[in-house]
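Reader: I would like to learn how individual features of a protein model are to be read. Could we proceed feature by feature, with the general idea before the particular case?

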Amino acid sequence: MKGKVYLVGSGPGGLGLLTIKAREVIDKADVILYDQLPGDEIISSLPASAEKIDVGKFGGHHTMKQTDIEKLLVEKALEGGNVVRLKGGDPFVFGRGGEEMETLRENDIEVEVIPGITSGIAVPECVGIPVTHRDFASSVTLITGHENPDKEVSSMDWKWLAKCPGTIVIYMGVKNLPLISDLLIDNGMKPETKIAVIESGFRKNQRVTCSTLEDLKEVSEKVIFRPPAIVVIGEVVSLYKE
């Protein structure tokens, strides 16, 4: 009999934000494919009885290609039992869970998605930055700072983003942050717009760096930003207090 695959979101980090449903599914798993974004606390809590496979996607360092991960999910499901694909944040928010679901469906394998708390909302919250606020932002736009490198043309509408009246939250944007800042300014966003870079949210080495778009390049020369990080752009950044 074919097994079942669970695409599990582990949240932004730590056992405290892992959902009860996620915990139940993980504890019953026969096989767990995980990367490093869930964090040491969650990874160390994985059941000893399960076969654990590190598929190593973290900060641009990939132990296994996405297509190979999908093939492995299919192989393990065909062996039977419960297979967990453990991801940081939420599987469907820049987590490539949609691609894994498609592959599993194509192979007629049952798949269930366990939502997780997405880091783009939770990480700003943990440092006191609300992504929406009645006085500052009535909308929030989530974007990726690392598009598919095979794309010939970016799917980002930088002119629209530069005029966006609400908050912009960027996932996986550390490497391209100076370029993103330039694109926003070149397309009309005010250079004095506030920006916060929150590294390693909910972890012991958490760090927050605040700047403006125009000063970001100078700041980034003094402060080396490291993934995982969430970037917040907009007036809500003014609510951050050290």
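**Salt bridges, a helix and its surroundings**

Author: In this predicted model, Glu100 and Lys87 form a salt bridge whose closest N and O atoms are 3.2 Å apart. Because Glu100 belongs to helix 4 and Lys87 to strand 6, the pair ties together parts that are 13 residues apart in sequence.

Reader: Are the two partners, Glu100 and Lys87, buried or exposed?

Author: The general idea comes first: side chains of opposite charge can pair when their charged atoms come close. As to the case here, Glu100 is buried, with a relative accessible area of 1%, and Lys87 is buried as well, at 3%.

Reader: How many salt bridges does a search of the whole structure find?

Author: The search returns 15 salt bridges. One of them joins Glu110 to Lys4, with 3.5 Å between the closest N and O atoms. This pair links distant parts of the chain, since Glu110 is in strand 7 and Lys4 in strand 1, 106 residues apart. Lys4 counts as buried, at 16% relative accessibility.

Reader: What can be said of the salt bridge between Glu199 and Arg207?

Author: Their side chains meet at 2.8 Å, N to O. Glu199 is buried at 5% relative accessibility, whereas Arg207 is partly exposed at 32%. Elsewhere, salt bridges that share partners join Lys4, Lys21, Glu110 and Glu112 into one network.

Reader: Let us return to helix 4. How should its buried residues be read, and which are they?

Author: An α-helix has 3.6 residues a turn, so residues three or four places apart point the same way. In helix 4, the buried residues are Gly97, Glu100, Met101, Thr103 and Leu104. They lie on the same side of helix 4, because the arc they cover around the axis is only 165°.

Reader: Against which elements do the buried residues of helix 4 pack, and which exposed residues does the opposite face carry?

Author: The buried residues pack against strand 1, helix 3, strand 6 and strand 7. Arg105 and Glu106 are the exposed residues on the face turned away from the buried side. Just after helix 4, Asp108 takes a positive phi of about 55°.

Reader: What of the loop between strand 1 and helix 1; is Ser10 there buried or exposed?

Author: Ser10 has a relative accessible area of 0%, and is therefore buried. Leaving aside residues up to four places away in sequence, Ser10 touches Leu17, Leu18, Pro38, Ile42, Leu86, Lys87, Gly88 and Gly89. Lys87 in this list is also the salt-bridge partner of Glu100. Gly16 is found in the loop between strand 1 and helix 1 too, but Gly16 is exposed at 74% relative accessibility.

Reader: Which nonpolar residues form a patch on the surface?

Author: Phe94, Val140, Leu142 and Met172 form the patch, with about 300 Å² of accessible area together. Phe94 sits in the loop between strand 6 and helix 4 and is partly exposed, with a relative accessible area of 34%.

Reader: Finally, how many disulfides are found?

Author: A disulfide requires cysteine sulfur atoms within 2.5 Å. The search of the whole structure finds 0 disulfides. Cys126 is in none, as the nearest cysteine sulfur, that of Cys210, is 12 Å away. Cys126 is partly exposed, at 30% relative accessibility, and Cys210 is likewise partly exposed, at 37%.

Key: Residues numbered from 1 in each chain as written. Predicted model: local features only at pLDDT ≥ 70, side-chain atom pairs only at ≥ 80, totals over all residues. Heavy atoms only, no water. Buried < 20%, exposed > 50% of the residue type's maximum accessible area, 1.4 Å probe, protein only. Patch = residues over 30% accessible without salt bridge, like charges linked within 9 Å, V, L, I, M, F, W, Y side chains within 5 Å. Areas by Shrake-Rupley, 256 points an atom, 1.4 Å probe, with all protein chains shown as cover. Salt bridge = Lys/Arg side-chain N within 4 Å of Asp/Glu carboxyl O. Helix = DSSP H or I, 4+ residues; strand = E, 2+ residues; numbered from the N terminus. Arc of directions from axis to C-beta. Contact = heavy atoms within 4.5 Å.
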